[in-house]
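Trainee: Could we walk through this structure together? I'd like to know what each term means as we go.

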Amino acid sequence: MRVRDFYSDDPTFLSTDYTAFANYDLRGEPIVHLNRQRISALSAIAQKFVFYHECAHLWTRDDSSNRELSANCAALRHMRRSGIIGHHNAVELRTFIRGLPARPPLYPDGKTQWEKARACR
Ligand SMILES: [Zn+2]
């Protein structure tokens, strides 16, 4: 799958506290939307995690109430298999994920997200 990404200029999206989201354009092409200000404040490994998390929504097309955790799972699986996560950045990524706030009902707190994600194979 080809995925386009861009720094969004959509004022509605930029007014939220979301860093990224994924959807399809009018032609059905997948797009990952990024809030430039928010994502550039993250470490390199956290930026990659956010990007692959959004890609995972497009890969999995999971629309269930578990979609955020399954996107985390697919993102980490891809990043491990691609060698993007290694000894040099694994702790930094763990710290990032464990620090994520809970956003009920889709996102449990960061510690729970990490515990679920690290169990993914
Ligand atoms: Zn998500």
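Mentor: Let's settle one term beforehand: two residues are in contact if their C-beta atoms, placed from the backbone, lie within 7 Å. Please also keep in mind that this is a predicted model, in which local features need pLDDT of at least 70 and side-chain atom pairs count only at pLDDT 80 or more, while totals for chains, interfaces and linings use all residues. Residues are numbered from 1 along each chain as its sequence is written.

Trainee: OK, what does S70 touch, not counting residues up to four places away in sequence?

Mentor: With those left out, S70 touches T60 and D62. S70 itself lies in helix α4, residues 67-81, where helices (H or I, at least four residues) and strands (E, at least two) are DSSP runs numbered from the N terminus.

Trainee: And is S70 buried or exposed?

Mentor: S70 is partly exposed, because 18 other C-beta atoms lie within 10 Å; a residue is buried with 20 or more such atoms within 10 Å, exposed with 12 or fewer, and partly exposed in between, with C-beta atoms placed from the backbone.

Trainee: Switching topic, which residues have the most contacts inside the largest nonpolar core?

Mentor: They are F49, Y52, A56, A75, M79 and L93, in a core of 22 residues, a nonpolar core being a set of buried Ala, Val, Leu, Ile, Met, Phe, Trp, Tyr and Cys residues joined through C-beta atoms within 7 Å. Its largest share, eight residues, comes from α3. Leaving aside neighbours within four places in sequence, A75 is in contact with F49, Y52, H53 and A56.

Trainee: How do α5 and α6 pack?

Mentor: Their axes, which are lines fitted to C-alpha atoms over the stretch in contact, are 7 Å apart and make an angle of about 130°, on a scale from 0 to 180 degrees between N-to-C directions. The two helices α5 and α6 are therefore oblique to each other, since angles under 35 degrees count as roughly parallel, over 145 as roughly antiparallel, 65 to 115 as roughly perpendicular and the rest as oblique.

Trainee: Which residues meet there?

Mentor: From α5, R94, I97 and R98 meet G110, K111, Q113, W114 and A117 of α6.

Trainee: Last one: what about the strands?

Mentor: Strands β2 (residues 20-24) and β3 (residues 30-34) run antiparallel and are joined by five bridges, pairing being assigned if DSSP finds at least two bridges between two strands. A22 stands opposite V32 in β3, and F21 opposite H33. Strand β1 (residues 4-7) pairs with β3 in the parallel sense over four bridges, with F6 opposite H33.
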